[in-house]
Amino acid sequence: MLVCIPNVLDAAQLVSLRERLDRANAWVDGRVTAGYQGAPVKFNQQIDERSEVALACQRIVVPALERNPLFISAVLPNVMYPLMFNRYGEGMTFGAHIDGSVRIHPHDGRKIRTDVSATLFLTNPDDYDGGDLIVEDTYGRHAIKLPAGDMVVYPATSLHQVTPITRGVRTSCFFWVQSLIRDDQQRALLYDMDGAIQRLNQTNADEAARRSLIGCYHNLVRQWSET
Ligand code: NI
């Protein structure tokens, strides 16, 4: 299930984030965190995970994610890998790959299973050419290029790539989440069900029926979730 989440960041948060990232001197070769599959096809830069600027930028984005109902509903996060920041200048690209299944948390060493991959766009599409995120799933290829502040989440099992930049610079935040619900199909069912419940709530539909549906939702989460 691929979900686009609009307006994760507002204009002021975007400016603050971009100012920090654009003047940062903690940009390093993106291959420092790539596995053996990704390294030969990865040509970009990312902010050193241990740098002050990475932590400062995380402090802007994480609270915005935690209060975004669509993000919570679509991802049902359990553990989030510390958010990372990358950029692609002209000629940079990330060829087709599947993200590594398990990552080691850089601060406490615990293992995080990557169920969901996320890209939060920090550059407006007018400011660069190329740099589409292409995600392949059972329904085909999806080319994604969202306004700055918008985010896409997709199953980490998907083959994906970033096409070469031909003009400008594309800066993004990216990260992985270990979801409470490991299975993408189960997560998609819960997302659809939650959306339907929210719409029924807005129309003040039959209260007993809504209560029953909400109960079913939570009982499914209880049955399927792992913490
Ligand atoms: Ni990737």
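1. Let me start with Arg 110, which counts as partly exposed at 42% relative accessibility. Please keep in mind as you read that this is a predicted model. The side chain of Arg 110 meets that of Asp 108 in a salt bridge, at 3.0 Å from N to O. Asp 108 also counts as partly exposed, with a relative accessibility of 44%. Side chains of opposite charge can pair when their charged atoms come close. A salt bridge here needs a side-chain nitrogen of Lys or Arg within 4 Å of a carboxyl oxygen of Asp or Glu, and the count comes to 11 salt bridges.

2. Another of these pairs is Arg 31 with Asp 29, where the closest N and O atoms are 3.1 Å apart. How accessible are the two partners? Arg 31 has a relative accessible area of 36%, so it is partly exposed. Asp 29 is partly exposed too, at 37% relative accessibility.

3. The next pair sits within a helix. Glu 207 and Arg 211 join their side chains in a salt bridge with an N to O distance of 3.6 Å. Why might you expect these two to be about one helical turn apart? Both belong to helix α5 (residues 207-224), and they lie 4 residues apart in that helix, which means a separation of about one helical turn. Glu 207 counts as exposed at 54% relative accessibility, and Arg 211 is likewise exposed at 54%. Elsewhere, Arg 113, Asp 115 and Glu 226 are joined into one network by salt bridges that share partners.

4. Now to helix packing. Two packed helices are described by the angle between their axes and the distance between the axes. For helix α1 (residues 11-22) and helix α2 (residues 52-66), the axes come within 10 Å and cross at roughly 165°. Angles over 145 degrees count as roughly antiparallel, so α1 is roughly antiparallel to α2. The crossing in which α1 passes α2 is left-handed.

5. Which residues make up this contact? From α1 come Gln 13, Ser 16, Leu 17, Arg 20 and Leu 21, and they meet Val 53, Ala 56, Cys 57, Ile 60, Val 61 and Ala 64 in α2. Sorted by class, the contact of α1 with α2 holds 8 nonpolar, 2 polar and 1 charged residues.

6. A second helix pair involves α5 again. Its partner α4 packs against α5 at an angle of about 160°, and the axes are 10 Å apart. The two helices are therefore roughly antiparallel to each other. Here, α4 passes α5 in a left-handed crossing.

7. What lies in this contact on either side? The α4 residues are Gln 186, Leu 189, Leu 190, Met 193, Asp 194, Ile 197, Leu 200 and Asn 201. They meet Arg 210, Leu 213, Ile 214, Cys 216, Tyr 217, Leu 220, Val 221 and Trp 224 in α5. By class, the contact of α4 with α5 divides into 12 nonpolar, 2 polar and 2 charged residues.

8. The loop that joins α4 (184-202) to α5 contains Asn 204. You may like to check the backbone there: Asn 204 is not a glycine, yet its phi is positive, at about 50°. Asn 204 is exposed, with a relative accessible area of 61%.

9. Asn 7 calls for a similar look. Its phi is positive as well, at about 50°, although Asn 7 is not a glycine. Where does Asn 7 sit? It is found in the loop between β1 (3-5) and α1. With a relative accessible area of 60%, Asn 7 is exposed.

10. Finally, is Phe 71 buried or exposed? Phe 71 belongs to helix α3 (residues 69-75). At 1% relative accessibility Phe 71 counts as buried, because buried means under 20% relative accessible area. Leaving aside neighbours within four places in sequence, Phe 71 is in contact with Ile 5, Leu 65, Leu 76, Pro 77, Met 80, Met 151, Val 153, Phe 175 and Val 177. There is also a link back along the chain to consider: the C-alpha atoms of Phe 71 and Cys 4 are separated by 9.2 Å, while the two residues are 67 residues apart in the chain.

Technical notes:
Residues numbered from 1 in each chain as written. Predicted model: local features only at pLDDT ≥ 70, side-chain atom pairs only at ≥ 80, totals over all residues. Heavy atoms only, no water. Axes fitted to C-alpha atoms, helices over the stretch in contact; angles between N-to-C directions. Parallel < 35°, antiparallel > 145°, perpendicular 65-115°, else oblique. Left-handed = near helix turned anticlockwise from the far one by under 90°. Contact = heavy atoms within 4.5 Å. Nonpolar A, V, L, I, M, F, W, Y, C, P; charged D, E, K, R; others polar. Buried < 20%, exposed > 50% of the residue type's maximum accessible area, 1.4 Å probe, protein only.
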